[in-house]
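Reader: I would like to go through this model with you and ask, label by label, what each term rests on.
Author: Gladly; let us set each value beside its cut-off.

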Amino acid sequence: PDKLPSFILPDPQGGMHSSAQLVANGLVVIITSPILKDKSAQEGWSRDLVASRGSHPASIILIEDMTASAFQGSHMKKDWEPGTLPILLEDKTGKVHAAFDVGKNQTKVFVYDKVGSLIYSTISAPSMAGAKTVWSKLSK
């Protein structure tokens with residue numbers, strides 16, 4: 001979406017995160033189709049974005065649609081700890097996920113500036129070059 005959808009979502013530990021708070025320094029959103037069996041793209045984007053972030057203050061979030069039963073045993077949820085990136089957020093109703101309009105079997109990355117305007121998005125496979133492109137868009 002051209003504007004960041006408004007939301008308040010919990011992380012796996014119960015901490016609440018609002019879109020208004022998260023976007024304050026720019027925001028990178030990783031979001032995957034809830035029926036996607038292969039989660040390697042979201043894991044790859046997470047790894048590459050964190051590794052190439054440098055000192056950029058933007059937040060990185062991964063929104064999981066919790067309506068999909070396949071996610072309940074995910075190692076990302078089990079292994080996630082507060083303070084680590086990306087911030088894992090649980091969309092228990094699927095409404096936030098629907099606002100991002102991610103197609104079947106897709107992982108998308110959205111980049112929003114400090115006021116919540118979309119400045120870049122991609123559905124490409126994860127890579128360090130792709131992650132560096134994301135950070136370059138936020139640095140302008």
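**How the labels are earned**

Author: Strand β3, residues 27-32, is mostly covered, with six of its six residues buried. Please keep in mind throughout that this is a predicted model.

Reader: What makes both faces of β3 count as covered?
Author: On one side Leu27, Val29 and Ile31 are buried, and on the other side Val28, Ile30 and Thr32 are buried. Buried stands for under 20% relative accessible area, so both faces of β3 are called covered.

Reader: How do you know that β3 pairs with β4 and with β6, and in which sense does each pairing run?
Author: Two strands pair if there are at least two bridges between them. β3 and β4 (residues 59-65) have five bridges in the parallel sense, while β3 and β6 (residues 107-112) have six in the antiparallel sense, so both count as paired. Leucine 27 illustrates the two pairings, as it stands opposite serine 59 in β4 and has tyrosine 112 as its bridge partner in β6.

Reader: How many aromatic pairs does the structure hold, and why is the one between phenylalanine 100 and phenylalanine 110 called tilted?
Author: The structure holds two aromatic pairs. For phenylalanine 100 and phenylalanine 110 the centres are 5.2 Å apart and the planes make 55°; ring centres must lie within 6.5 Å, and an angle that is neither under 30 degrees nor over 60 counts as tilted, so that is the label. This pair links distant parts of the chain, with phenylalanine 100 in helix α4 (residues 95-100) and phenylalanine 110 in strand β6, 10 residues apart.

Reader: Why is the pair of phenylalanine 110 and tyrosine 112 called stacked?
Author: Phenylalanine 110 and tyrosine 112 lie 6.4 Å centre to centre with 20° between their planes, and because planes under 30 degrees apart count as stacked, the name follows. Phe100, Phe110 and Tyr112 form one aromatic cluster; phenylalanine 100 and phenylalanine 110 are buried, and so is tyrosine 112.

Reader: Why is aspartate 91 said to have no salt bridge?
Author: Aspartate 91, found in strand β5 (residues 87-91), is buried, and the nearest side chain of opposite charge, lysine 95, is 8.6 Å away. A salt bridge requires the atoms to be within 4 Å, so none is assigned.

Reader: What does the side chain of aspartate 91 reach, and how do you know that these are polar contacts?
Author: The side chain of aspartate 91 reaches the backbone nitrogen of glycine 94 at 3.0 Å and that of valine 96 at 3.1 Å. The limit for a polar contact is 3.5 Å, so both distances satisfy it.

Terms used. Residues numbered from 1 in each chain as written. Predicted model: local features only at pLDDT ≥ 70, side-chain atom pairs only at ≥ 80, totals over all residues. Heavy atoms only, no water. Helix = DSSP H or I, 4+ residues; strand = E, 2+ residues; numbered from the N terminus. Buried < 20%, exposed > 50% of the residue type's maximum accessible area, 1.4 Å probe, protein only. Lys, Arg positive; Asp, Glu negative; His and termini not counted. Polar contact = N/O pair within 3.5 Å; in protein donor to acceptor, adjacent residues only side chain to side chain. Phe/Tyr/Trp six-rings, centres within 6.5 Å; stacked < 30°, edge-to-face > 60°.
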